Amino acid sequence: MCVVYRSMARPGFHASRSQFGVLYRHAVPMGTTAKEEMNKFWDKNNRLNRPMSPHITIYRWSIPMVMSITFRGTGVGLSGGISLFAVAAMVLPGNYPQYLDLIHSLSFGPQFLAFTKFALAFPVSYHTLNGIRHLMWDVGKGFQIPDVYRSGYVVMALSVLTSIGLACL
Amino acid sequence: MAALVRLGSVCHRGVNPLRSVLHARLLVGQQRDAERPYLLTTKIHTSTPSYSGSGSKAASLHWTGERLVSIILLGLGPLAYFCPGPLVDYPLAATLALHGHWGIGQVLTDYVHGDSKIKMANTSLFILSTVTFAGLCYFNYNDVGICKAVALLWNK
């Protein structure tokens with residue numbers, strides 16, 4: 001990014017922002033695309049063998065951060081699970097009720113079954129509820145930091161409650 | 001007295017822009033006593049067709065599509081509970097596969113860099129998503145279907 005400074009010689013001129021504020025009225029478009037710029041960044045840094053700055057190893061974890069990566073984790077996990085199920089459906093012999101009977105015959109305790117149901121329901125409910133939180137952000141609501149934390153707590157609480165409720169069904 | 005400090009020439013030589021900013025701040029600091037406000041201009045990316053000529057709305061439409069599919073999936077949840085059957089099974093298969101495909105696509109965009117690696121990752125994802133959709137449809141057709149499968153699993 002190239003920055004050009006210019007001082008106003010006329011006395012009595014007041015910038016509407018602070019002395020170092022940027023007035024985007026004078027924005028000039030670049031000749032390269034964002035993608036090209038990103039590739040240039042990675043090419044240069046890989047070529048110079050630059051180490052990555054420590055980030056997750058040193059940065060203090062915050063609730064929004066943890067919730068965000070959990071959202072991604074549950075998404076990837078659920079997607080992987082669905083893909084696994086789809087492949088299994090095509091590859092494995094027999095049909096679904098047969099495999100259910102197989103699990104039946106293994107006679108797990110009721111607590112284990114309830115726990116398994118909770119373990120299956122939690123990623124779905126957390127991902128769904130946090131997804132709704134994301135959609136709220138997408139329509140522009142809830143960006144103030146206290147609201148971010150508040151909605152985060154609501155999502156976490158509701159996820160646990162919903163999962164317990166589903167596990168008891 | 002107008003002082004024009006152009007760092008553009010410095011930038012063209014590939015100087016670390018951060019250093020330029022610091023350098024500039026130093027300059028500004030020196031002239032702080034004069035208490036002159038400064039106009040800053042900066043180069044930014046714009047997508048206005050008048051400049052770049054390639055004002056494609058593809059990324060924007062993709063974003064909107066992602067949100068639409070998410071909302072449809074939200075609606076299909078209760079629908080699957082109250083009206084299970086093939087009329088919900090197949091849309092559920094399609095929406096799940098597409099939502100997952102685009103979601104993993106965003107993960108790859110975030111973490112995979114380099115043109116050939118990006119291409120390989122996206123091709124693999126496309127194959128995986130196709131297989132996923134095929135498998136879910138196969139399950140819907142030849143087996144009990146998604147809604148019934150969840151119901152059976154939960155009632156065991």
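This passage describes selected local features of chains A and B in a predicted model.

In chain A, UniProt lists residues 69–92, 112–129 and 150–167 under "transmembrane region", in an unreviewed entry. The span 69–92 of chain A is 96% helix and 0% strand, with its end C-alpha atoms 33 Å apart. For residues 150–167 of chain A, the corresponding figures are 100% helix and 0% strand, and the end C-alpha atoms lie 26 Å apart.

Ser125(A) belongs to helix α4 of chain A, which runs over residues 110–138. Its position also falls in the annotated span 112–129 of chain A. The relative accessible area of Ser125(A) is 7%, so this residue counts as buried, the limit for that class being under 20%. Beyond its neighbours within four places in sequence, Ser125(A) is in contact with Ser159(A), Thr162(A) and Ser163(A). These three partners lie in the annotated span 150–167 of chain A.

Asn49(A) is located in the loop that links α1 (34–47) and α2 (63–91) of chain A. Although Asn49(A) is not a glycine, its phi is positive, at about 55 degrees. Asn49(A) has a relative accessible area of 68% and is therefore exposed, since the exposed class begins over 50%.

In chain B, the UniProt record, again an unreviewed entry, places a "binding site" at His99(B). His99(B) sits in helix α5 of chain B, residues 86–111. With a relative accessible area of 27%, His99(B) is partly exposed. When neighbours within four places in sequence are set aside, the contacts of His99(B) are His127(A), Val69(B), Ser70(B) and Leu73(B). Contacts of His99(B) thus include a residue of chain A, His127(A), as well as residues of chain B.

Leu73(B), one of the contacts of His99(B), is also a member of the largest nonpolar core. This core has 10 residues in all: Ala86(A), Leu73(B), Leu76(B), Ala80(B), Val88(B), Leu92(B), Ala93(B), Leu136(B), Ile146(B) and Cys147(B). Two or more residues of the core come from each of α4 (58–82), α5 and α7 (146–154) of chain B. Chain A is represented in the core by Ala86(A), a position within the annotated span 69–92 of that chain. Within the core, Leu76(B) is in contact with Val88(B) and Leu92(B), and its contacts outside its neighbours within four places in sequence also include Pro91(B) and Thr95(B).

Key
Residues numbered from 1 in each chain as written. Chains lettered and ligands numbered in written order. Predicted model: local features only at pLDDT ≥ 70, side-chain atom pairs only at ≥ 80, totals over all residues. Heavy atoms only, no water. Helix = DSSP H or I, 4+ residues; strand = E, 2+ residues; numbered from the N terminus. Buried < 20%, exposed > 50% of the residue type's maximum accessible area, 1.4 Å probe, protein only. UniProt positions renumbered as here; feature names shortened; annotations may be inferred. Contact = heavy atoms within 4.5 Å. Core = buried A, V, L, I, M, F, W, Y, C linked by side-chain atoms within 4.5 Å.
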